[in-house]
Amino acid sequence: MLTHRLFRAVERLSRLDDPTDKAVRAIRRAVGGTAVERALRGTWLGHPVHPLLILAPIGAYTCAAVADFAFGDRETAHRFTGVGLLATPPAVVTGLVELSTLTDAPSRRVGLVHAAANAVASTCFLAAYVTGRRTWSVLGLAAVGAGGALGGHLSYALGAGVGREPVEGAPEVETSPTDNLPD
């Protein structure tokens, strides 16, 4: 399947190791081992906070597209885009903290490309907000889709962040990597 080959190609992009290592070291220097890191990772919740926080920008950007393209309501689209832009920084911060916890090279590589796709999406939506041009929204939605697909691959195929934080009172669950997708 084409998407699996694309994901595997990203996993093998060894030229991303140096920038990823630098980013991880910077994030760890900033918050590593602190209460801030534990809060941003969702230790208090028993699972990462990042997947919860991405819902707001993705939902707002999707609503903006529906308002603009389906209903021709540019003002509402503009407002939803603004909400998405305001909701993006917390998702970015928690995502970067999650990236800093990844230990294997393929997951780090996918994580970095996931972050880059979402940075492109945010830039496109910012351009849409400032200029009011629909083209930027379309490009932003495409980038959000690519970033989301990479995030899904990171979590579900590579198992990043799965089974790390036990929830008090929950039964222990044994996890294993799910590296059984065809090349």
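The following dialogue explains how to read the helices, burial, contacts and largest pocket of this predicted model.

User: What should be known about the model and its numbering before reading it?

Analyst: This is a predicted model, in which local features need pLDDT of at least 70 and side-chain atom pairs count only at pLDDT 80 or more, while totals for chains, interfaces and linings use all residues. Residues are numbered from 1 along each chain as its sequence is written, and side-chain values use heavy atoms, with hydrogens and water left out.

User: How many helices and strands are in the protein chain?

Analyst: Helices (H or I, at least four residues) and strands (E, at least two) are DSSP runs, numbered from the N terminus. In the protein chain there are 8 helices and 0 strands, and the pattern along the sequence reads α-α-α-α-α-α-α-α.

User: At what angle do helix 7 and helix 8 pack?

Analyst: Axes are lines fitted to C-alpha atoms, for helices over the stretch in contact, and angles run from 0 to 180 degrees between N-to-C directions. Helix 7 and helix 8 pack at about 160 degrees, and their axes are 8 Å apart. Helix 7 is therefore roughly antiparallel to helix 8; angles under 35 degrees count as roughly parallel, over 145 as roughly antiparallel, 65 to 115 as roughly perpendicular and the rest as oblique.

User: What is the hand of the crossing where helix 7 passes helix 8?

Analyst: A crossing is left-handed if the near helix is turned anticlockwise from the far one by less than a right angle, and right-handed if clockwise. The crossing of helix 7 with helix 8 is left-handed. By class, 17 nonpolar, 10 polar and no charged residues form the contact of these two helices. Here Ala, Val, Leu, Ile, Met, Phe, Trp, Tyr, Cys and Pro count as nonpolar, Asp, Glu, Lys and Arg as charged, and the others, Gly among them, as polar.

User: How do helix 5 and helix 6 pack?

Analyst: The angle between helix 5 and helix 6 is about 165 degrees, with their axes 7 Å apart. These two helices are therefore roughly antiparallel to each other, and their crossing is left-handed.

User: Is valine 49 buried or exposed?

Analyst: Buried means under 20% relative accessible area, exposed over 50%, and partly exposed in between (1.4 Å probe, protein chains only). Valine 49 has a relative accessible area of 9% and is therefore buried. Valine 49 lies in the loop between helix 3 (35-41) and helix 4. For the protein chain of 183 residues, the buried share is 35%.

User: Which residue, 49 residues away along the chain, has its C-alpha atom 9.2 Å from that of valine 49?

Analyst: That residue is glutamate 98. Glutamate 98 also lies 9.3 Å, C-alpha to C-alpha, from glutamate 37, at 61 residues apart in sequence. Glutamate 37 belongs to helix 3 and counts as buried because its relative accessibility is 13%.

User: Where is alanine 23, and how does its accessibility read?

Analyst: Alanine 23 sits in helix 2 (residues 17-31). Its relative accessibility is 25%, so alanine 23 counts as partly exposed.

User: How much space lies in the largest pocket, and which residues are closest to its centre?

Analyst: On a 1 Å grid over the protein atoms alone, a pocket is an open set of points where a 1.4 Å probe fits, with protein on both sides within 12 Å along at least five of seven lines; lining residues have an atom within 4 Å of a point. Grid points are joined across faces, edges and corners, and a volume is the space filled by probe spheres set on the points. The largest pocket holds about 870 Å³. It is lined by 33 residues, of which His50, Pro51, Ile54, His114 and Gly151 are the closest to its centre. Helix 8 gives the largest share of the lining, 8 residues. By class, the lining has 18 nonpolar, 14 polar and 1 charged.
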